[in-house]
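Reader: I am new to this structure, and I would like to understand how each label placed on it is justified. Could you take me through the reasoning step by step?

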Amino acid sequence: MKYNIGTKEKPMGLKTPPLSSEYTMHSDVKDGKEVLVCTVGKTVLLYDYRCLDDLHAMLKKHGDWMDLGSADETEAR
């Protein structure tokens with residue numbers, strides 16, 4: 001399945017769950033493989049683009065909704 005994520009020139013703008021920070025996502029190709037690029041400030045994270053299909057399948061299996069959770073990486077656990 002192809003998703004409308006954005007391009008390097010025009011990435012999708014998003015906000016974190018508490019709406020306190022912004023980040024961008026876009027699709028690209030690296031080393032011949034399609035990747036999902038997440039840019040938060042100067043940090044760039046790459047994910048295998050197939051993760052979107054995996055997430056879609058997981059949500060379908062759970063009735064289109066499940067609590068994924070989120071946490072601030074700097075919070076003590």
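**Labels and their reasons**

Author: Leu19 is found in the loop between β1 and β2, where helices (H or I, at least four residues) and strands (E, at least two) are DSSP runs, numbered from the N terminus. This is a predicted model, in which local features need pLDDT of at least 70 and side-chain atom pairs count only at pLDDT 80 or more, while totals for chains, interfaces and linings use all residues. Residues are numbered from 1 along each chain as its sequence is written, and side-chain values use heavy atoms, with hydrogens and water left out.

Reader: Why is Leu19 called exposed?

Author: Buried means under 20% relative accessible area, exposed means over 50%, and partly exposed lies in between (1.4 Å probe, protein chains only). Leu19 has a relative accessible area of 60%, so the residue is exposed.

Reader: What makes the phi of Leu19 worth mentioning?

Author: Leu19 has a positive phi of about 60 degrees although it is not a glycine. Most residues other than glycine have a negative phi. Asp31, placed in the loop between β2 and β3, likewise has a positive phi, of about 55 degrees, without being a glycine. With a relative accessible area of 73%, Asp31 is therefore exposed.

Reader: How do you know that β1 and β2 are paired, and how do they run?

Author: Two strands pair if DSSP finds at least two bridges between them. Four bridges join strand β1 (residues 12-15) to β2, so these strands count as paired, and they run antiparallel. Within this pairing, Lys15 stands opposite Glu22 in β2, and the hairpin of β1 and β2 has six residues between the strands.

Reader: What makes β2 and β3 a pair as well?

Author: Seven bridges join β2 to strand β3 (residues 33-40), so the requirement is met here too, and these strands run antiparallel. Ser27 stands opposite Leu36 in β3, and the hairpin that β2 and β3 form has two residues between them, with Asp31 in the turn.

Reader: Why does His26 count as buried?

Author: His26, whose place is in strand β2 (residues 22-30), has 7% relative accessibility, and therefore counts as buried. Contact means heavy atoms within 4.5 Å. Leaving aside neighbours within four places in sequence, His26 is in contact with eight residues that are named as Ile5, Gly6, Thr7, Lys8, Pro11, Val35, Leu36 and Val37.

Reader: Why is Asp53 given a middle label, neither buried nor exposed?

Author: Asp53 lies in helix α1 (residues 51-61), and its relative accessible area is 30%, so the residue is partly exposed. Asp53 and Tyr3 are 50 residues apart in sequence and 9.3 Å apart in space, C-alpha to C-alpha.

Reader: What makes a group of residues a nonpolar core, and which residues make up the largest one?

Author: A nonpolar core is a set of buried Ala, Val, Leu, Ile, Met, Phe, Trp, Tyr and Cys residues joined through side-chain atoms within 4.5 Å. The largest one is made up of seven residues, namely Tyr3, Ile5, Met25, Leu36, Cys38, Tyr49 and Leu52. Among the residues that Cys38 touches, not counting those up to four places away in sequence, are Met25, Val44 and Tyr47.

Reader: How many helices and strands does the protein chain have?

Author: The protein chain has one helix and four strands, following the pattern β-β-β-β-α along the sequence. Buried residues make up 16% of its 77 residues.
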